[in-house]
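Subject: Structure handover

Hello,

Here is the structure you asked for. My notes follow below it.

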There are 2 protein chains.
Amino acid sequence: MTEQRAERADAARNRRAVLSAAEQLLTEGGGDHVSLDRVAALAGVGKGTVFRRFGNRAGLLQALLEERSRELRDAIENGPPPLGPGAPTPERLLAFLDALGAIAEGNATLLSAHGQACAEDKYRDPSYQHWHRHLGTLFSEARPDLDADFVAHAVLAAFDGALIRHMTPPDDPRRFTRSVQQMATALLGRD
Amino acid sequence: MTEQRAERADAARNRRAVLSAAEQLLTEGGGDHVSLDRVAALAGVGKGTVFRRFGNRAGLLQALLEERSRELRDAIENGPPPLGPGAPTPERLLAFLDALGAIAEGNATLLSAHGQACAEDKYRDPSYQHWHRHLGTLFSEARPDLDADFVAHAVLAAFDGALIRHMTPPDDPRRFTRSVQQMATALLGRD
DNA sequence: CACCATCCGGACTACCGGTCCGCTTCATGC
DNA sequence: GCATGAAGCGGACCGGTAGTCCGGATGGTG
């Protein structure tokens, strides 16, 4: 049923080429510098290839993001505490925000571009849903009186590329994460 | 110095026509249905006119948003409490979120379109800066231990068109605002 | 009523995301 | 090795977009 024929060798090669071309364009120019024409050209590949592989612009950026965050997702599900299961809720929340913040701070332009491309259906992105579910669970354990579903969305809304850039001075690369953690702590604190 | 020659009559007429055309397209179709070609055509005006008046797509949407929120801005600066000055900080904060939430709930598609168009320099939008300053002041009064500047950005980040649509069931049009207020209250609460 | 700054219109450019289809390349069975 | 069908490929092509530009029309003013 879910049986998939293995990916052909050239297809795999091209997929990697496209991803790394997109990555390069992203770090060189701004997020809107990554047009699919350019990605295809830099990857030495036809435009159609990019689309067959990733569906559309949003899919491509989503794949990049997914690549960057797979490790964290595994650590949350099966890793040791405090990231993985077992630690008390507040510790686990702060550890999660620390890790997600690190990813976000290192990929602010990717985040902007992804947000821009996803536009409406950002909330169907499997990565997003995963973070949201995790946050929602933690908040609903710690603060059952709040609308945990909303709070999870709101906290994730702060992980916006432009905001991160705006909140990250060159001499303090982790200010964003600290502020997010501080806010989350305030949200956890009972009245 | 800051002396401005009065706007010519045809210019004023066209400006209103363009704004109301944009408004109409926005409510009819989705946010990306509002192309500047279409706006110009519906307004019975040349494309150049739209651009001279509003600079670019972002400027047009900004102007619409500004129109929608001018009243609230006045009420905050000179109106009676709890919106205006004089009320205790928590009451003033909740009143502000109530009013801003109402505007946001009624203009979710405009908000999406504006966010999309502004992309990077959303934080230079005078409207945004105004709300941010207000929130920042309130939070820094109530919670000097937090990073009020960041918290203000984070709260405003929740006012995202797609999120609002996602959080607004047909039978409960104010759920978003309630949840925002609840979260803000949690943020105010001392440990 | 004449004059000129201001404003107007819409053709034009450059580019974008996305589609399509004839051709190539890979994996597989012999 | 080699034939063969399926999977993958490339890039011309399409409809649409934001933004520019300038010859000509239109307003206010003295």
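Helix 4 and helix 5 of chain A are roughly antiparallel to each other, a label used for angles over 145 degrees. Their axes come within 10 Å and cross at roughly 170 degrees. Axes here are lines fitted to C-alpha atoms, for helices over the stretch in contact, with angles from 0 to 180 degrees between N-to-C directions. Helices are DSSP runs (H or I, at least four residues), numbered from the N terminus. Helix 4 covers residues 57–78 and helix 5 residues 89–106.

Before going on, the conventions. This is a predicted model, where local features need pLDDT of at least 70, side-chain atom pairs count only at pLDDT 80 or more, and totals for chains, interfaces and linings use all residues. Residues are numbered from 1 along each chain as its sequence is written, while chains are lettered from A and ligands numbered from 1 in the order in which they are written.

Back to the helix pair. Helix 4 of chain A brings Arg68(A), Ser69(A), Leu72(A) and Ile76(A) to the contact (C-beta atoms, placed from the backbone, within 7 Å). Helix 5 of chain A answers with Phe96(A), Ala99(A), Leu100(A) and Ile103(A). By class, that is six nonpolar, one polar and one charged. Nonpolar means Ala, Val, Leu, Ile, Met, Phe, Trp, Tyr, Cys and Pro; charged means Asp, Glu, Lys and Arg; the others, Gly among them, are polar.

Next, helix 7 of chain A (residues 126–142). Its end C-alpha atoms are 24 Å apart, in agreement with the 24 Å that its 17 residues should span at 1.5 Å a residue. The expected span is 1.5 Å times one less than the number of residues. Its buried residues include Trp131(A), Leu135(A) and Phe139(A); buried means 20 or more other C-beta atoms, placed from the backbone, within 10 Å of a residue's own. The buried residues of helix 7 pack against helix 5, helix 8 and helix 10 of chain A.

Between the chains, 25 residues of chain B are in contact with 25 of chain A. On the chain B side, helix 8, helix 9 and helix 10 each supply at least two residues. That side divides into 14 nonpolar, six polar and five charged.

Now the DNA. Strand D is surrounded by 23 residues (C-beta atom, placed from the backbone, within 6 Å). Helix 3 of chain A gives the largest share of that surface, four residues. Strand C has 24 residues around it, with Ser35(A) and Gly46(B) among the closest. There, helix 3 of chain B gives the most, with four residues.

Best wishes

How values were computed: Two residues are in contact if their C-beta atoms, placed from the backbone, lie within 7 Å. Angles under 35 degrees count as roughly parallel, over 145 as roughly antiparallel, 65 to 115 as roughly perpendicular and the rest as oblique. A residue is buried if 20 or more other C-beta atoms lie within 10 Å of its own, exposed if 12 or fewer, and partly exposed in between; C-beta atoms are placed from the backbone.
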